[in-house]
Amino acid sequence: MKAKRKIGGIQSAFTLIAASTIALSAPAGAQQPAGEPIKIGVIVALTGAGASLGIPERNGAVLAEKIINSRGGVNGRPIQLIIEDDASNPDGAISKANNLIYREKIVALIGSSQTASTVAVGGLTNPIKLPQVAFSGLGPAIERDRKCVLHVAPSQALNARAILEYAKSIGAKKLGALYDSGYGTVVYNELRKISDAYDVTFVATEKFEISATDTTSQAAKIRAAQPEAIIVVGVTGVPIRSLRQLQMKQTIIAANGLASYEAVKSMGDAADNVVFPEFLVGEDPLPHQAEFVRSY
C-alpha cells in the first residue's frame, strides 16, 4: 500500500505545526508549573467520518501539552487541555463549545477537525473575541471576516490550486470530481472558480454525503465520462475504494483531508498511486518543528 505525496505531506502535519509553535517556545529544563491551570478547549472529531483527522490532531495536542508543562508551562502556570469529541457533527461541536466557553471558562479553543464544525464554532468564538485555532484551511466566505479564528492549514483556495497544478503537470485536461457534502463542496467550488485558468474541464462531478459508506453509484457515473484524472475531496477512504473497485486506472488526485495515515490505511490496496498535492511536508519539518515531529 502506498500513496504518493506531491508538494506536501500528511494531514497530521498541520497538528504538529500548530502544536510545535507553542510547545517549543518554552525553555527546556524549567521548573514544574504551579498555580491555577490555563484552560484551553479542544474540539476534534474522535468518532464519525472525521475521526481519521481528529485522532492524530488530539494526539498532537496532548503531546504539546506534555512538552509545555515539562518546560514550566506558560508564565509558571500549567496548560490544561479539555478535549471534547464533536462526533463529526456541527451541532455536536456547538454544544461542546458552549460547555467549554461558559462552564469550563476556557481562555482559547482549538478545533475543530472539519470545515462545517469549524465554521459553526467560529460563530460562537468570534463575537466574544475568544481565540480559536482551527485545524482546517480558510473556507467559506463567512470565515474571511472572523478576526479571532486562526486557520493552521492552507486555505481551500490554495488547496484547489495545488490540485490543478498537479493535474496540469501530468497533462490531464478532462477531469472527474468526487467530493463530499462538507469540506469537499468548499474545495470543489474553488476548483470550479479557477478551472479556466488551468485549461481543464470537469466532464463529470458527483457529490456524496460525508458519512457515506458506499459511493459506487457516484463512481460509476465518473467512470462513464472517461476523465483523464479524478479529483477526490473527502475525509474517508470510501470514494477511493469505490473508484478502484470499478477498475478505474486513472490518476486519483486527492485533497489533503484524505492525507492522514488513518485514511490512507482505510483505503487498502486502493491507496496505490493516489497523489496528494499539498504545501506541507510532514516528513521534512522546518528546524523549529523538528523536535516536536520527532517526539510525535
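# A walk from the tyrosines to the sheet

Start by selecting Tyr-179: its relative accessibility is 10%, so it counts as buried. Bear in mind as you click around that this is a predicted model.

Now add Tyr-188, which also counts as buried because its relative accessibility is 7%. Next, bring in Phe-202 and turn the view until you can see both rings. Tyr-188 and Phe-202 make an edge-to-face aromatic pair, with 5.7 Å from centre to centre and 75° between the planes. Colour by secondary structure here: Tyr-188 sits in helix α6 (residues 183-194) and Phe-202 in strand β8 (residues 201-208), so this pair links distant parts of the chain, 14 residues apart. Phe-202 is buried too, at a relative accessible area of 13%.

How many aromatic pairs does a search of the whole structure find? Two. The other one takes you back to where you started: Tyr-179 and Tyr-188 have ring centres 4.3 Å apart and planes at 10°, so that pair is stacked. Show all three side chains together and you have a cluster, with ring pairs linking Tyr-179, Tyr-188 and Phe-202.

**On to the nonpolar cores**

Select Leu-164, Leu-175, Leu-191 and Ile-231. Of the 26 residues in the largest nonpolar core, these four touch the most other members. To see where the core draws its residues from, highlight α5 (156-169), β7 (174-180), α6 and β9 (229-233), the elements that give two or more residues to it.

Then centre on Ile-231 and show what surrounds it. Leaving aside neighbours within four places in sequence, Ile-231 is in contact with Ile-163, Leu-164, Leu-175, Gly-176, Ala-177, Leu-178, Leu-191, Phe-202 and Ile-253. Notice Phe-202 in that list; you met Phe-202 earlier as a ring partner of Tyr-188.

For a second, separate core, pick out Ala-219, Ile-222, Ile-230 and Ala-259, which are among its 22 residues.

**A stop at a loop lysine**

Jump to Lys-249, in the loop between α8 (238-245) and β10 (251-254). Is Lys-249 buried or exposed? Exposed, with a relative accessible area of 69%. Try a distance from its C-alpha to that of Arg-223: the two residues are 26 apart in sequence and 10.0 Å apart in space.

**The parallel sheet**

Now switch to cartoon view and find the open sheet of five strands, in the order β3-β2-β4-β5-β6 with parallel pairing. β3 (79-85) and β6 stand at the edges with a single partner strand each, so one side of each has no neighbour in the sheet. Look along the sheet for its twist, which averages 20° from one strand to the next.

Zoom in on β2 (residues 38-44) and β4 (residues 108-111), which pair in the parallel sense over four bridges. Select Val-42 and you can look across to Ile-110, its bridge partner in β4.

Two helices are worth turning on here. Helix α2 (residues 51-70) lies across β2 and β3, running at about 170° to β3. Helix α4 (residues 115-125) lies across β2, β4, β5 and β6, and runs at about 170° to β5.

**Last stop: Ser-136**

Finish in the loop between β5 (132-134) and β6 (149-151), where you will find Ser-136. This serine is buried, at a relative accessible area of 7%. Not counting residues up to four places away in sequence, Ser-136 touches Ser-112, Thr-115, Thr-118, His-151, Val-152 and Ala-153.

Definitions and conventions: Residues numbered from 1 in each chain as written. Predicted model: local features only at pLDDT ≥ 70, side-chain atom pairs only at ≥ 80, totals over all residues. Heavy atoms only, no water. Phe/Tyr/Trp six-rings, centres within 6.5 Å; stacked < 30°, edge-to-face > 60°. Buried < 20%, exposed > 50% of the residue type's maximum accessible area, 1.4 Å probe, protein only. Contact = heavy atoms within 4.5 Å. Core = buried A, V, L, I, M, F, W, Y, C linked by side-chain atoms within 4.5 Å. Pairing = 2+ DSSP bridges. Axes fitted to C-alpha atoms, helices over the stretch in contact; angles between N-to-C directions.
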